[in-house]
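Good morning, and thank you for making time for this presentation. Please have the sequence and the structure in view while I speak.

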Amino acid sequence: GPAWLTIAPDGTLSGKPSVADIGLNSWNVTVTTTDANNAVVTETSELLIMVEVPGYNTWWQKQNGVTGVSAPIASGPAGDDDRDGLSNYFEYVAGLDPLSSGSTFTFSTAQAGGSRLITFGPLTKGTTYTVKRTDALASGVWTSLQTVTPASATTSMTVTDTAVLDSNYFYTVGISKP
């Protein structure tokens, strides 16, 4: 992570960001330990920290086209104004309504013979979605299965992973706004 961020052995975060760090900051944090059998276990997770300053919420709303809503987004991109467990930023990127708890992004997998079906949505026109898989979270190596940028909004999409065989995989959907 950045020089200003310190992670204590108990996981406590501390530090003082600078003006250059305003906005959403993302880092990969890796922890290595041993399990009950003294085997080495390494886990990597993405850490997202939103650095805000007074007036930032208004700036963020203007930058991200949040205008004309009946109730303003009070807590900014890192907040969860509709209290559905998804940040306002994620809901913006996913094309959801950050003020409606009924607006959700779904993701599921199902076996179909020797393949796995990955279903997700809703999809927003012009936004790019990339379905990826890995066989180990610790490796950080993801294989892209399919990338799509829909020409119109749709409720869901299903991608078929035909190389599943008898392996276990982890899946993710990357979402990129134009």
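I shall begin with the overall fold and then turn to particular side-chain contacts.

Please keep in mind that this is a predicted model. The protein chain contains two helices and ten strands. In sequence order, these elements run β-β-β-β-α-α-β-β-β-β-β-β. Of the 178 residues in the protein chain, 28% are buried.

Let me turn to strands β7 and β10. Strand β7 covers residues 128-134, and its pairing with β10 is antiparallel, over seven bridges. Within that pairing, Y129 has I175 of β10 as its bridge partner.

What do the side chains do along strand β10, residues 170-176? They alternate: Y171, V173 and I175 are directed to one face and are buried, whereas F170, T172, G174 and S176 are directed to the other face and are not buried. As background, side chains in a regular strand alternate between the two faces of the sheet.

Y171 also brings us to W142. The residue W142 is located in the loop between β7 and β8, the latter being residues 143-148. W142 and Y171 are 29 residues apart along the chain, and their C-alpha atoms are 8.7 Å from each other. W142 has a relative accessible area of 32%, and it is therefore classed as partly exposed, the class between 20% and 50%.

Next, the charged contacts. How many salt bridges does a search of the whole structure find? The search finds one. It joins the side chains of R133 and D161, with an N to O distance of 2.5 Å. R133 belongs to strand β7 and D161 to strand β9, residues 157-161, so this pair ties together parts that are 28 residues apart in sequence. Are R133 and D161 buried or exposed? Both residues are buried.

R133 has a further contact, with an aromatic ring. Its charged end sits over the ring of Y169, 4.5 Å from the ring centre. A second contact of this kind involves K177, which lies over the face of Y92 at 5.0 Å from the ring centre.

I come now to the aromatic residues. Searching the whole structure yields four aromatic pairs. One of them is formed by F90 and F105, an edge-to-face pair with 6.0 Å between the centres and 85 degrees between the planes. Why does this pair tie together parts that are 15 residues apart in sequence? The reason is that F90 lies in helix α2, while F105 lies in the loop between α2 and β5, the strand of residues 106-112.

The two partners fall into separate accessibility classes. F105, with a relative accessible area of 17%, is buried because the limit for that class is under 20%. F90, with a relative accessible area of 28%, is partly exposed. Ring pairs also join F90, F105, F120 and Y129 into a cluster. Y129 is thus named twice in this talk, since it is also the bridge partner of I175 in β10.

Finally, let us look at the surface. Which residues make the nonpolar surface patch of about 260 Å²? They are L24, L48 and Y89. Y89 is placed in helix α2, residues 88-94. Its relative accessibility is 32%, so Y89 counts as partly exposed.

Key. Residues are numbered from 1 along each chain as its sequence is written. This is a predicted model: local features need pLDDT of at least 70, side-chain atom pairs count only at pLDDT 80 or more; totals for chains, interfaces and linings use all residues. Side-chain values use heavy atoms; hydrogens and water are left out. Patches are made of residues with over 30% relative accessible area and no salt bridge: like charges are joined within 9 Å, nonpolar side chains (Val, Leu, Ile, Met, Phe, Trp, Tyr) within 5 Å. Accessible areas come from the Shrake-Rupley method with a 1.4 Å probe; for residues, only the protein chains shown count as cover. A salt bridge is a side-chain nitrogen of Lys or Arg within 4 Å of a carboxyl oxygen of Asp or Glu. Helices (H or I, at least four residues) and strands (E, at least two) are DSSP runs, numbered from the N terminus. Buried means under 20% relative accessible area, exposed over 50%, partly exposed in between (1.4 Å probe, protein chains only). Rings of Phe, Tyr and Trp (its six-membered ring) pair if their centres lie within 6.5 Å; planes under 30 degrees apart count as stacked, over 60 as edge-to-face and the rest as tilted. A charge sits over a ring if NZ of Lys or CZ of Arg is within 6 Å of the ring centre and within 35 degrees of the ring normal. Two strands pair if DSSP finds at least two bridges between them.
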